[in-house]
Amino acid sequence: MSTLDTGLTLIRTASRRVSAVNGWMGNAFKSWMPTGLYARALLIMIVPMVVLQTVVAFVFMERHWNTVTRRLSAAVVQDIASLIDVYKGYPQDKDRAQLRRVAQRLQLVVDFLPVGDLPPPGPKPFFSLLDQTLSVQLGRQIGRPFWIDTVGRSNLVEIRVQLDDAVMRIFAQRSAAYASNSEIFIFWMLGTSSILLIVAVLFLRNQIKPILRLADAAESFGKGREAPNFRPRGASEVRRAAHAFLEMKSRIERSIEQRTAMLAGVSHDLRTILTRFKLELALIGDSPELEGMRRDVDEMSGMLEAYLAFARGDSGEHAQPTDMTVALEELRSDADRDGHTVSVAFHGLPVVTVKPASFKRCLGNLLSNAARHAKAISITGHRDHRYLTITIDDDGPGIPQHMREEVFKPFLRLDDARNQDEGGTGLGLAIARDIARSHGGDITLGDSPMGGLRAAVRIPV
């Protein structure tokens, strides 16, 4: 293998490792990121602002405050050095009155202590910029043992310098040796950042509202409900998406209307022919052969109604608040009249917005399917803050697990598990699932604790 091949192999290996690390970091970072658009947009605006303010504050503190504090401290130490020179140059000033007048002009207070050891160094503050600059300047310009205290008195800085025959103590104003406008800078920085953040929050709320309205309208349409107050608003991209949604909604509604109109025409024609058959059979008279033909015509009429109901769906009905306890009790009463034993229980707030007739038909199809093959039936309803769930359990033979999705196909009948003589068109479960999905939910089949089949209807509330 040549050197070039070896280098390319190393580069490919390194790139794969970098890509793997990048993917791992990206996945780890995504877990900490908010999922909402509003929170993400705020984060996109806040993070650069915080980074910018941090950089500006750091640069300002490093460059401006350090430079200003260094120069102020150098000026104060220079004044102290001048006072030391006056002290040494005028020994005839016994009471040091002249030295104190000069110090007063320099806005310093000077007195003298007996010769002795300087106090031990005190605790340094966390942000000891003044201590550092004063120590550097005192060591550079005076070159004598010194002691400073920048903590003990808030507005004053105490400096002690050891001379040959005394200890000079100087009190200087903190503002004369330190740039003390940090609070004002931080106040203005935080104030302007807060104002910008408030403006950003208000602006983003107005931009997010049209998107939330569009999502609510799409969710309502998916649940079979109307959103009459929805209008395209907001930015041009959001308006474009809203117009596309309204056009899609109109096309779906036109398609449903055309299908319903076509089926209404077919229904009228076929019903006319069936009515003519019934009338002709009634005029012919009674005979065993004619009785069979009448049963066939009645069965064809029932099948036609089932087919049209499946194709028509629940079009035309509007969703409205419905008391589920009342609806389930009506189903139980209908089953009792047919001689079936049904128990009903409901938990949670019973009022749910559904299409009442369609949803009752969905549950009725499931109940009739259970009543056809079971003796005992139990209906349980539960409503939480997100979903309405209604389960129908029976003690019948059930449905094999591998066929529990197949039975929802139209016209499919499980002849091995169902009695062919019981009749039916194989559309009951298909119609029930179609209604559940038109409400934004679905139907699932499973094993019942009663030993038979469990049909669970779950729709969002």
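## A walk through two sheet regions and a cavity

Start by selecting Asp-442, which stands opposite Arg-458 in β11. You are looking at a predicted model, so keep that in mind as you click along.

**Stop 1: the strands around Asp-442.** Extend the selection to β11, residues 453-460, and to β10; the two strands run antiparallel and are joined by 6 bridges. Now add helix α11, residues 428-438, which packs on the sheet and touches both β10 and β11. If you draw axes, the direction of α11 makes about 125 degrees with that of β10.

**Stop 2: the whole sheet.** Zoom out until five strands are in view. This is an open sheet with mixed pairing, and its order is β6-β8-β9-β11-β10. Colour β6 (341-347) and β10 (442-447) to mark the edges, where each strand pairs on one side only. Looking along the sheet, you can follow a twist that averages 15 degrees from one strand to the next.

**Stop 3: a helix across the sheet.** Select residues 324-337 to bring up helix α9, which lies across β6, β8 (376-383) and β9 (387-394). With respect to β6, α9 runs at about 175 degrees.

**Stop 4: the largest cavity.** How many cavities of 30 Å³ or more does the structure hold? There are 3, and the largest has a volume of about 70 Å³. To display its lining, select Leu-366, Asn-369, Ala-370, Ile-392, Asp-394, Leu-429, Leu-445, Leu-453, Arg-454 and Ala-455. Two or more of the lining residues come from each of α10 (356-373), β9 and β11. Colour the lining by class and you get 7 nonpolar, 1 polar and 2 charged residues.

**Stop 5: strand β4.** Move to residues 167-173. Is β4 largely enclosed or open? Of its 7 residues, 6 are buried, so the strand is largely enclosed by the rest of the structure.

Next, show the partners of β4. Strand β1, residues 108-113, runs antiparallel to β4 and is joined to it by 6 bridges. Pick Phe-112 and you will find that its bridge partner in β4 is Met-168. Strand β3, residues 156-162, also pairs with β4 in the antiparallel sense, over 7 bridges. Here a good pair to label is Glu-158 and its bridge partner in β4, Phe-171. Finally, trace the chain from β3 into β4: a hairpin makes the connection through 4 residues.

As you switch on backbone hydrogen bonds, remember that these are what pair the strands of a sheet, either parallel or antiparallel.

Note on methods:
Residues numbered from 1 in each chain as written. Predicted model: local features only at pLDDT ≥ 70, side-chain atom pairs only at ≥ 80, totals over all residues. Heavy atoms only, no water. Pairing = 2+ DSSP bridges. Axes fitted to C-alpha atoms, helices over the stretch in contact; angles between N-to-C directions. Contact = heavy atoms within 4.5 Å. 1 Å grid on protein atoms, 1.4 Å probe; cavity = no way out; pocket = protein on both sides within 12 Å on 5 of 7 lines; lining within 4 Å. Points joined across faces, edges and corners; volume = space filled by probe spheres on them. Nonpolar A, V, L, I, M, F, W, Y, C, P; charged D, E, K, R; others polar. Buried < 20%, exposed > 50% of the residue type's maximum accessible area, 1.4 Å probe, protein only.
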